[in-house]
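Morning, everyone. Let me put the structure up, and then we will walk through its sheets and its aromatic rings.

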Amino acid sequence: ILIKPFVPREVYKPSKFVFTEKDGNINISLPDVSNKHYSIKFFDEKDVPIFEISRVKDSPVLLDKSNFLRSGWFKFELYEDGKLKEKHKFLIPKDFYP
């Protein structure tokens with residue numbers, strides 16, 4: 001019998017830049033927005049584009065959950081000076097929509 005140590009797989013770790021607040025709204029918190037050009041694209045779970053912010057000028061920015069029309073998983077691509085900085089996802093919990 002071979003016993004291997006259990007190594008749990010990390011299922012989900014929120015982004016440190018784009019994440020869901022307790023109230024279900026989306027927080028975009030970026031470093032040094034005055035000196036860097038950030039843009040962000042949002043997609044649904046099937047990679048269909050929802051909307052895009054071509055220039056993030058302030059940080060933090062709070063997006064209302066109603067911009068996403070429903071609960072569920074959403075994906076985003078964060079660009080810094082035209083280069084992909086992060087590709088991740090976030091969850092808008094069902095508790096916030098009837």
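How many bridges join strand E2 to E5, and do they run parallel or antiparallel? Three bridges join E2, residues 26-28, to E5, and the two run antiparallel.

Before I go on, a word on the basis. This is a predicted model, so local features need pLDDT of at least 70, side-chain atom pairs count only at pLDDT 80 or more, and totals for chains, interfaces and linings use all residues. Residues are numbered from 1 along each chain as its sequence is written, and side-chain values use heavy atoms, with hydrogens and water left out.

Some terms. Strands, labelled E, are DSSP runs of at least two residues, numbered from the N terminus. Two strands pair if DSSP finds at least two bridges between them.

Back to E2. Ile26 has its bridge partner in E5, and that partner is Leu63. E2 and E5 belong to an open sheet of three strands, with the order E1-E2-E5 and antiparallel pairing. Strand E1 (18-20) and strand E5 (61-63) stand at the edges. Each has a single partner strand, so one side of each is left without a neighbour in the sheet.

Now the other sheet. It is open, has four strands in the order E4-E3-E6-E7, and pairs antiparallel. Here E4 and E7 stand at the edges, each with a single partner strand. From one strand to its neighbour the turn is 20° on average, direction ignored. For that angle, axes are lines fitted to C-alpha atoms, and angles run from 0 to 180 degrees between N-to-C directions.

Take E3. It joins strand E4 (residues 49-53) through four bridges, running antiparallel. One bridge partner pair is Lys41 with Glu52 in E4. E3 and E4 form a hairpin with five residues between them. In that turn, Asp47 has a positive phi of about 65°. Lys46 lies in the loop between E3 and E4 as well.

Is Lys46 buried or exposed? Lys46 is exposed, because its relative accessible area is 67%. The cut-offs: buried is under 20%, exposed is over 50%, partly exposed is in between, with a 1.4 Å probe and protein chains only. The C-alpha atoms of Lys46 and Val18 are separated by 19 Å, and the two residues are 28 apart along the chain.

On its other side, E3 meets E6. Six bridges join these two, again antiparallel. Ser39 sits in E3, which covers residues 38-43, and stands opposite Tyr79 in E6. Ser39 counts as buried because its relative accessibility is 12%. Leaving out residues up to four places away in sequence, Ser39 touches Ile53, Ser54, Glu77, Leu78 and Tyr79. Contact here means heavy atoms within 4.5 Å.

Next, the rings. A pair of aromatic rings is described by the distance of the centres and the angle of the planes. Rings of Phe, Tyr and Trp (its six-membered ring) pair if their centres lie within 6.5 Å; planes under 30 degrees apart count as stacked, over 60 as edge-to-face and the rest as tilted. By this rule there are eight aromatic pairs. One of them is Phe68 with Phe74, tilted, at 5.0 Å centre to centre and 55° between the planes. Phe74 also pairs with Phe90: the centres are 6.0 Å apart and the planes at 25°, so this pair is stacked. Phe74 lies in strand E6 (residues 72-80) and Phe90 in strand E7 (residues 83-92), so the pair ties together parts that are 16 residues apart in sequence.

How exposed are these rings? Phe68 is buried at 4% relative accessibility. Phe74 is buried at 1%, and Phe90 is buried at 1% too. One aromatic cluster takes in Phe42, Phe51, Phe68, Phe74, Phe76 and Phe90.

Last, the core. A nonpolar core is a set of buried Ala, Val, Leu, Ile, Met, Phe, Trp, Tyr and Cys residues joined through side-chain atoms within 4.5 Å. The largest one has 18 residues. Val18, Ile28, Leu30, Ile40, Phe42, Phe68 and Phe90 touch the most other members. E2, E3, E6 and E7 each supply at least two residues of this core. Phe90 is in contact with residues including Tyr12, Val18, Ile26 and Phe76, leaving aside neighbours within four places in sequence.
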